[in-house]
Amino acid sequence: MDRIRITGGNELNGIIPISGAKNAALPLMIASLLTDDTLTLENVPHLADVEQLIRILGNHGVDISVNGRRERQGEGYSRTVHFTCRNIVDTTAPYELVSKMRASFWVIGPLLARAGQARVSLPGGCAIGTRPVDLFIEALKALGATIEIDSGYINATAPKGGLVGARYVFPKVSVGATHVMLMAATLARGTTIIGNAAREPEVVDLANCLIAMGAKITGAGTSEITIEGVDSLSGARHRVLPDRIETGTYAMAVAMTGGDVVLEGTSARLLETALEAIRRAGAEITETETGLRVVRKGGEIRPVDVVTDPFPGFPTDLQAQFMGLMTRSSGVSHITETIFENRFMHVQELARLGAKISLSGQTAKIEGVPRLRGAPVMATDLRASVSLVIAGLVAEGETTVSRVYHLDRGFERLEEKLTRCGALVERVSD
Ligand code: UD1
């Protein structure tokens, strides 16, 4: 199994191209189930989760062709992928496929809207809390679906004549349940109003793509989204928005090591709260014509407290990385996780590098230390694993991160991007 070996101590200097967002690409790909026409997505990142979803969509009858040649645009990489689902050939999403990635559960919305039925395995994904599906079930029931749970599967059936528009207010913000209700409502009869909708940029990206496909949607990016159902959707061409989590991760890496890096092809508006926290920690961040420039030249890393929250709050997907940064701060900081109840598995691994972190309920107290020391550590989930890389970049000596398949789910060409900026990072196979 592959490991990442990092020799700490080098600054980061140069350009890091930011890839298309995994968390936007996944729902956009799933939206191809809503039309018999071709949906073309540009800037699709090459990641294990994307490849897994390609397999799942193929199972439902989606023909997928990837632009044979990987286009190099400026300093960035991008793939254009065409999705065509002339007919839905199978409305079952089996356990073997869904258990590997939670987002694949989201096919339930389009399958139900277009084929009138879906049998979808209860999901798997990162081991970060229980992650139930009650909100999806309530939202689809509100649109008239009948839902039964049977042997680990959800059987959903639309009423005769299809789903019916309705008003539904989520009791809790959920990105995935908002995506699913949004997609399902595009083909429902009448008007749907989603209350307490997720406001994440990836929801806006999905809505923009659906609008390009002919859907009638207003309010995406606010907590109330209105959808007027249409009879059918057409194909479209859409560019996946930049990955704000990758952006924040590399910004934190530069804040950690010091240096001067341009994060190319991204935008500050996608992660203002996180950028503000990184600035308070001591990095200068400015917008450039091509993206964001992150600079830290000398000076200490200052302690900063953060609390994770739905967008526009501090993203839970950057919590582990920020904790990595705070392990080297000049004082005591606190990080509170409010989205997932079990998202502190990186704490004990960071401790192996010499970090001083104590947990009390959902809050971690981090006492900054003057140095970290390299050690073998284990990736436990997608975002946790990259926090270990950030810490490894400044740890004295060698850090090896095992179970890197977690990293490959969400970070495109991580070693290459860091190495090109001067880091000593390599992938080793046993
Ligand atoms: C998405 C992101 C993930 C991110 C998360 C929160 C993708 C592919 N994944 O995950 O990277 O960490 O948003 O920003 O986009 N919940 C329920 N019942 C439900 C659904 C969710 O209680 O039916 C809870 C979850 O357990 C969690 C909270 O709601 O505590 C938020 O989860 P949600 O926003 O749904 O996360 P995902 O869409 O799975």
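**Note on the predicted model**

1. In this predicted model, residues 24 or more positions apart account for 75% of the contacts in the protein chain that have a separation of 6 or more.

2. The secondary structure of the protein chain consists of 14 helices and 26 strands. The chain is as compact as a globular protein of its length, because its radius of gyration, 21 Å, is close to the 22 Å that the globule rule gives for 430 residues. Taken along the principal axes, the box filled by the C-alpha atoms is roughly 65 × 45 × 40 Å.

3. Turning to burial and surface, 58% of the 430 residues in the protein chain are buried. The exposed area of the chain is about 16000 Å², and carbon and sulfur atoms supply 47% of that area.

4. As to charge, the protein chain carries 45 positive and 48 negative charges. The mean positions of these two sets are 2 Å apart.

5. The largest nonpolar core contains 149 residues. Within this core, Leu182, Leu210 and Phe322 touch the most other members. Helix α8, residues 244-257, contributes eight residues, the largest share of the core.

6. The surroundings of Leu182 can be given in detail. With residues up to four places away in sequence left out, Leu182 touches Ile194, Val203, Leu206, Ala207, Leu210, Ile217, Ile225 and Ile227. Leu210 thus appears both as a contact of Leu182 and, together with Leu182, among the residues that touch the most other core members.

7. Some backbone geometry merits separate inspection. Most residues other than glycine have a negative phi, and most peptide bonds are trans. The peptide bond from Phe311 to Pro312, however, is cis, with omega near 10°. Pro312 lies in the loop between β20 (306-307) and α10 (319-326).

8. Arg403 has a positive phi, near 60°, although it is a residue other than glycine. Its position is in the loop between β25 (398-402) and α13 (405-410). Is Arg403 buried, exposed or partly exposed? Its relative accessible area is 37%, so Arg403 is partly exposed, a class that runs from 20% to 50%.

9. Arg413 likewise shows a positive phi in a residue other than glycine, here near 50°. This residue is found in the loop between α13 and α14 (414-419). Arg413 counts as partly exposed, because its relative accessibility is 29%. Helix α13 therefore borders both loops in question, the one with Arg403 and the one with Arg413.

Key
Residues numbered from 1 in each chain as written. Predicted model: local features only at pLDDT ≥ 70, side-chain atom pairs only at ≥ 80, totals over all residues. Heavy atoms only, no water. Helix = DSSP H or I, 4+ residues; strand = E, 2+ residues; numbered from the N terminus. Rg over C-alpha atoms; globule rule 2.2 N^0.38 Å. Buried < 20%, exposed > 50% of the residue type's maximum accessible area, 1.4 Å probe, protein only. Contact = heavy atoms within 4.5 Å. Areas by Shrake-Rupley, 256 points an atom, 1.4 Å probe, with all protein chains shown as cover. Lys, Arg positive; Asp, Glu negative; His and termini not counted. Charge placed at Lys NZ, Arg CZ, Asp CG, Glu CD. Core = buried A, V, L, I, M, F, W, Y, C linked by side-chain atoms within 4.5 Å.
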